[in-house]
Structure formats: structure tokens, C-alpha cells
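Trainee: I'm about to open a structure that is new to me, and I'd like to go through it with you. Could we settle one term before we look at the details?

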Amino acid sequence: MIIEHKIVIADVKLVADFQRYILYWRKRFTEQPVTDFCSVIRINSTAPFEEQDNYFLLCDVLPEDRILREELQKQRLKEILEQQQQERNDNSFHGICMFCNEEFLGNRSVLLNHMAREHAFNIGLPDNIVNCNEFLCTLQKKLDNLQCLYCEKTFRDKNTLKDHMRKKQHRKINPKNREYDQFYVINYLELGKSWEEVQLEDDRELLDLQEDDWSDWEEHPVSAVCLFCEKQAETIEKLYVHMEDAHEFDLLKIKSELGLNFYQQVKLVNFIRRQIHQCRCYGCHVKFKSKADLKTHMEEARHTSLLPERKTWDQPEYYFPTYENDTLLCTLSDSESDLTAQEQNGSITIISEDTSELHALKQSSILNQLLLHEGLKN
């Protein structure tokens, strides 16, 4: 494209699905001139006019390109989550340990946990991995080629390779090898960032905090904001009581009646936030000039509790918050036995999950229902 058509695509490695990206712009270029979408870069500008060349830069500075890249990223994330869910529930897995040749049948986690426990070879939690079969085949192929998985040096025979990996404690994968990024779900979550970049940002924040003087630091409670007005509350319990009393909106009751899991609650809250931000009543779809008019209408018509059909708000686009750092999202619960708002006014002790019954925990995990609704719809 650069040589034949003088078109340059910026940050091409950040395009989640290059084929769909190309097909989209191929169609758009037949509808409008390329210059309507691309920045023109003139080279050899000091040369005579006939020797000057124009190149066309297609990048996410163009809103249409940015939206396309984000939509492709969302679609890729959805596909990856579906694949991960399928692998988590798959009990027909068959694999052989790369170190002792023991055969394993059932779920992929059995083999991965065996290698971590018996051979100190840990590639991460099974639930963080996607396309597991391809991952294991990639690692096995490197070992068959007598290559160390960590330093990636090649040795003359298997015994020498095994002694090297054992003595040097190289029974782990090379974290700088970008080939492995495709097998970890975290690398699909944020556009343009790998797990290493996310981790580096966290480390920098920790270093900055360590350098600060915390001697006079005082804790201030984080406030959660009401879905329908500007009311803020220091605890989620007080906010639930306010929304029920002032707006006749009982989030806990809605969650219980509709059987909402954590992710569905997130989507519902983000949906309501967006509708209120756009001054649109989600009960009758009427748009108002101001939030004050909307609030008056919804209270008089009692539309706060008149939710639309589940298919309206239970959509992947509402995984993303309307407001940055929405505290209400951080306080949502996945418990099936939540107390009512009035009962939660007292102090409640938080008890961690009992991991002794790991099999039962996996069976009841919320991740089993992450894509259940969309799977049934499809």
C-alpha cells in the first residue's frame, strides 16, 4: 500500500482486526476521495513540482477511524471472552505434560496445575489464558527444537536443555516475547496496551507514592453519586436508601427480581447513567431539554422503575462507564443473598470466600454466566 498507492496506516499493530479494518476503508474509499479521510504528507517539498510526491496518512486522529478501531477492539474482546468461556467449560481436553509425559484428560486446568505444582512451571492461572491448546503446542514445539523457554538459547540435546532449565531456574516463559501476548486475556482489555505496559504504569504509581510524605495524610470517604440526581452518599447503603426514598428506585430489588449477575448490574448502571446524561427517559424514550425537566417527568410519571426490555440495556457497549471512576460500579455485589437497603444500615463483616471447596467455587463462579445471555440469544 505504501509503495503502490502511497497510503500509510498509523499504528497498524494496534488494529485488532486488520482484515475487517481494510475491508471497511476499501468500501469508504470507493464512496469518497481518499483526501477526505487522510492527511496529505508532501515529501521532497523543495524539489521541482514534478519530482514531489504526496503520501496519505490514515490514522485515529480522524474520528471515524478512531471509532472503527474501538469497535474492532470491542468485537475482538467479545470473541476472546467467548473462546475463553468455552475453554473453561470444556471437559474434553487432552494433553501431555511437557516434562514428565504424563497424560491428562478432562479440563485444561488439570494439566496446567500439574505443571505448576510438580515441575514449578507456571504460565499463569488457567482462567487468564485463552487459546490454550495453541499455547501449549507453541511451547512444546520450542522444547522439541531444544530451545529454552526463558532465555531462548538452543542446546545440543534434551538432557542438556533439561539440566539448564532446572539449574538456571528457567522453567518459565520469556515475558518479553510478544508471541505469548495473544494467549493472555489481559492483552485484549485495553486498546494499544499490553500487560507489561499496564503493570509498568502500576509500578510507577507505587514508586511515586513511596516518595511522598504521608505523615499528615487523612482518609476521606469516597462518595457514590445517585443515578438520578446530584446527591452523594458516603456509603452505598445510604445511597440505596436515598434512591429508594427519593426516586422509588430499588436497585437491590431489581437485581433480585431479574436475577442479575455482576456484569449485568454494571451494564444496567452504565445504561441508566448514559440515558440520564443524554436527558432521555428510558421508560418512554422522550428526550428533554435539561436534567431537571427529565427528573421532574420521571418522578411524576414514575418512570424510574419502568425499565426497558433486557435486550435494550444488556449489550456489550454498556460494559464501559459513562463517567470515569464511577464509585457506584465498584460497590456492586454478586451475592445472591444481598440484604435490603434498610437492613444494610448496620455494620456488616466481610468474609472472604472459602477456597477449600475449589470445585464448588468454580461451578458457582460468575464467570460461567458472563456470556450466557448472549450465547442464548445467538
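Mentor: Let us begin with exposure, where buried means under 20% relative accessible area, exposed means over 50%, and partly exposed covers what lies in between. Please keep in mind as well that this is a predicted model.

Trainee: Okay, let's try that out. Is Glu-152 buried, exposed or partly exposed?

Mentor: Glu-152 has a relative accessible area of 26%, and because partly exposed is the class between under 20% and over 50%, Glu-152 counts as partly exposed.

Trainee: And where does Glu-152 sit?

Mentor: Glu-152 is in the loop between α5 and α6, the latter helix covering residues 158-167. Its phi is near 65 degrees, which is a positive value in a residue other than glycine.

Trainee: Why would anyone point out a positive phi?

Mentor: The reason is that most residues other than glycine have a negative phi.

Trainee: Which other residue has a positive phi although it is not a glycine?

Mentor: Ala-120 is one such residue, with a positive phi of about 55 degrees. Ala-120 belongs to the loop that runs between α4 (108-119) and α5 (132-144), and at 57% relative accessibility Ala-120 counts as exposed.

Trainee: You mentioned α4, so what about Arg-108 in that helix, buried or exposed?

Mentor: Arg-108, which has its place in helix α4, is buried, since its relative accessible area is 3%. If we leave aside neighbours within four places in sequence, the residues in contact with Arg-108 include Gln-84, Glu-87, Arg-88 and Phe-93, and also Pro-126, Asp-127 and Cys-132.

Trainee: Let me step back a bit. How many helices and strands does the chain have?

Mentor: The secondary structure of the protein chain comes to 15 helices and seven strands. Of the 378 residues in the chain, 35% are buried, while the chain as a whole exposes about 24,100 Å², with carbon and sulfur atoms supplying 51% of that area.

Trainee: What share of the contacts joins residues at least 24 apart?

Mentor: If one takes the contacts between residues at least 6 apart in sequence, 53% of them join residues at least 24 apart.

Trainee: On to the strands. In what order do they lie in the three-stranded sheet?

Mentor: That open sheet has the order β1-β3-β2, with mixed pairing. The strands β1 (7-9) and β2 (39-43) stand at the edges with a single partner strand each, so one side of each is left without a neighbour in the sheet. From one strand to the next, the twist averages 30 degrees.

Trainee: What packs on that sheet?

Mentor: Helix α2, made up of residues 18-31, packs on the sheet and touches β1 and β3, and the direction of α2 makes about 140 degrees with that of β1.

Trainee: Mixed pairing is new to me, so which strands run which way?

Mentor: β2 and β3 (residues 53-58) run antiparallel and are joined by five bridges, whereas β1 and β3 pair in the parallel sense over three bridges. As an example from the parallel pair, Ile-9 has Leu-58 in β3 as its bridge partner.

Trainee: And what stands opposite Ser-39?

Mentor: Ser-39, which lies in strand β2, stands opposite Leu-57 in β3. Apart from neighbours within four places in sequence, Ser-39 is in contact with Tyr-55, Phe-56 and Leu-57, and with a relative accessible area of 39% Ser-39 is partly exposed. Its C-alpha atom is separated by 9.9 Å from that of Ile-7, a residue 32 residues away along the chain.

Trainee: Different topic: how much space lies in the second largest pocket?

Mentor: About 930 Å³ of space lies in that pocket. It is lined by 33 residues, and the closest to its centre are Leu-77, Leu-81, Val-185, Ile-186 and Leu-189. The elements that give two or more residues to this lining are α3 (63-89), α10 (262-277) and α13.

Trainee: Can you show me a residue from α13, and which helix residues it covers?

Mentor: Helix α13 covers residues 327-330, and Cys-330 lies in it. At 68% relative accessibility Cys-330 counts as exposed, and its C-alpha is 9.2 Å in space from that of Val-266, although the two are 64 residues apart in sequence.

Notes: Residues numbered from 1 in each chain as written. Predicted model: local features only at pLDDT ≥ 70, side-chain atom pairs only at ≥ 80, totals over all residues. Heavy atoms only, no water. Helix = DSSP H or I, 4+ residues; strand = E, 2+ residues; numbered from the N terminus. Buried < 20%, exposed > 50% of the residue type's maximum accessible area, 1.4 Å probe, protein only. Pairing = 2+ DSSP bridges. Axes fitted to C-alpha atoms, helices over the stretch in contact; angles between N-to-C directions. Contact = heavy atoms within 4.5 Å. Areas by Shrake-Rupley, 256 points an atom, 1.4 Å probe, with all protein chains shown as cover. 1 Å grid on protein atoms, 1.4 Å probe; cavity = no way out; pocket = protein on both sides within 12 Å on 5 of 7 lines; lining within 4 Å. Points joined across faces, edges and corners; volume = space filled by probe spheres on them.
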